[in-house]
Amino acid sequence: MAEIRDELLYRQKHIHDVLDGEELRLSQEYCARYMDYLQKAKTERLAVSEAVRLAEGYGFRKFDRNAPLRAGDKIYRSVRGKMLLLAVIGRGSMEEGANICAAHIDSPRLDLKQIPLYEQNELAYFKTHYYGGIRKYQWVTIPLELHGVVAMKDGSTVTVNIGADPEDPVLYVTDLLPHLAAKQSEQPLAKAIPGEKLNILLGSLPVRDDKGADRVKLNVMKILNEKYGLTEEDFLSAEIEAVPAFPVREVGLDRSLIGGYGHDDRVCAFAELQAIYETENPERTAVCILADKEEIGSVGVTGMISEAFECFMGDICAKQGAQLRHCFESSFCVSADVTNAFDPTWPEVSEVRNSSKLNYGVGIAKFTGRGGKSGSNDASAEVMGKIRRLFAENGVVWQYAELGKVDEGGGGTVACYMGNRNIDTVDAGVPVLSMHSPYEVVAKHDCYMTYKAMKAVYTNI
Ligand code: MN
Ligand code: MN
């Protein structure tokens, strides 16, 4: 009966039982590279600049639409420093379609408001407006660092980086002490920390020998002026993000997990990057998308809905006299975004048969969305069949992934925007514990398998 059982019933495999010694070593090596990338890529801009630095080491060059383009060429285009598009030109024509993987590199965080600096009762603060889906109570009483740019009136740009260097101070949002939190504790979690209380503490010392008001605020501005040449008015044209200052670390006594800020979705972005870096002379053109703005709806000039994608793909097509519409029609896209890992401490929100689990490989989601698949790409059976075949042929361990029980909630990815372009698309990504929290957790083997999945898409479709 055992034979019939193996033949007829679907059973998922734990990756640790599947990988041989060599692959266990490759998995470790890959994850060390990913941890290094994640540590450096704490914002979308940093994710782009670090990806470009690595890409140039692998022979990628900036795409010049006026220069010749040949099979095997490795090119990239940074879209305003916040979205990155890379391609390895295939031997076949773009008319036959491209193999595309699309991840996003923005993560939930606290953005500074445009008039952020103020003083209250002799303490100085920044006002913030959170970005993306955060649970506000998780963002208080943790160390924060600041990254971003200030576009100065003279046309120059100043890069802000405070807290990433271990010698730097970190910043902080306060919360009530339990002794005085009886009323707050009666509030629902979503209301206990109002957005307008996510104020970042900056300092407590006044400027000496000054009789005016706001001496602490003035002292903070003096420090920023000495370090960056900024005046208060310059915040009007600044884009500064506060992100958790935790280091990326191994998690668990067996070191099988990785803790860090922004696995969603840099864990898939890096899988795509490493895969395309290693892609040489593919049959179909390989395209890697690292999009911005996914966490707020993929809108804006650097989001997945932006025509920046058509511009890049159209420029490649034009070099070959190919039609962009024909290229899209025959292309295949993996929307590489994280999914929720089944959490045994919170089993009630998931349906265990269809939920992804840590260490069972890259999670494939036929659909996402909420309330009856609303807003979802909902890949066809044929697309799912293609993925099954591809992964089976390339040793990719994968599992099915559904983001929560029916009607429990839900979420979206960039998949629907690729589908809207007449591109066959399916969602695939790394299962994450505590998604969107300041310190998310993934399993190393799942990261490695996602990289293998992206590689299979680039080289074997
Ligand atoms: Mn995501
Ligand atoms: Mn997300």
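Cys327 is buried, its relative accessible area coming out at 0%. That is one half of a cysteine pair worth a look in this predicted model. The other half, Cys317, is buried as well, at 1% relative accessible area.

So are these two bonded or too far apart? Too far: the sulfur of Cys317 has its closest cysteine sulfur in Cys327, 4.3 Å away. Going the other way, the closest cysteine sulfur to Cys327 is that of Cys317. With a cut-off of 2.5 Å for a disulfide, the count for the model ends up at 0.

| Cysteine | Relative accessible area | Closest cysteine sulfur |
|---|---|---|
| Cys317 | 1% | Cys327, 4.3 Å |
| Cys327 | 0% | Cys317, 4.3 Å |

Now for the metals. Which residues hold the manganese ion (ligand 2)? Its donors come from Asp264 (OD), from Glu295 (OE, listed twice) and from His436 (NE2), at 2.1 to 2.6 Å. Along the chain, those donor residues follow the spacing D-x30-E-x140-H.

Asp264 does double duty here, bridging the manganese ion (ligand 2) and the manganese ion (ligand 1). The two ions sit 3.3 Å apart. Asp264 is part of helix H8 (residues 263–277), while His436 is in the loop between strand S22 (431–433) and strand S23 (440–443), so this pair ties together parts that are 172 residues apart in sequence. Like the two cysteines above, Asp264 and His436 are both buried.

Note on methods: Residues are numbered from 1 along each chain as its sequence is written. Chains are lettered from A and ligands numbered from 1 in the order in which they are written. This is a predicted model: local features need pLDDT of at least 70, side-chain atom pairs count only at pLDDT 80 or more; totals for chains, interfaces and linings use all residues. Side-chain values use heavy atoms; hydrogens and water are left out. Buried means under 20% relative accessible area, exposed over 50%, partly exposed in between (1.4 Å probe, protein chains only). Donors are N, O and S atoms within 2.8 Å of the metal (3.2 Å for Na, K and Ca); water is not among the atoms, so sites may look incomplete. Helices (H or I, at least four residues) and strands (E, at least two) are DSSP runs, numbered from the N terminus.
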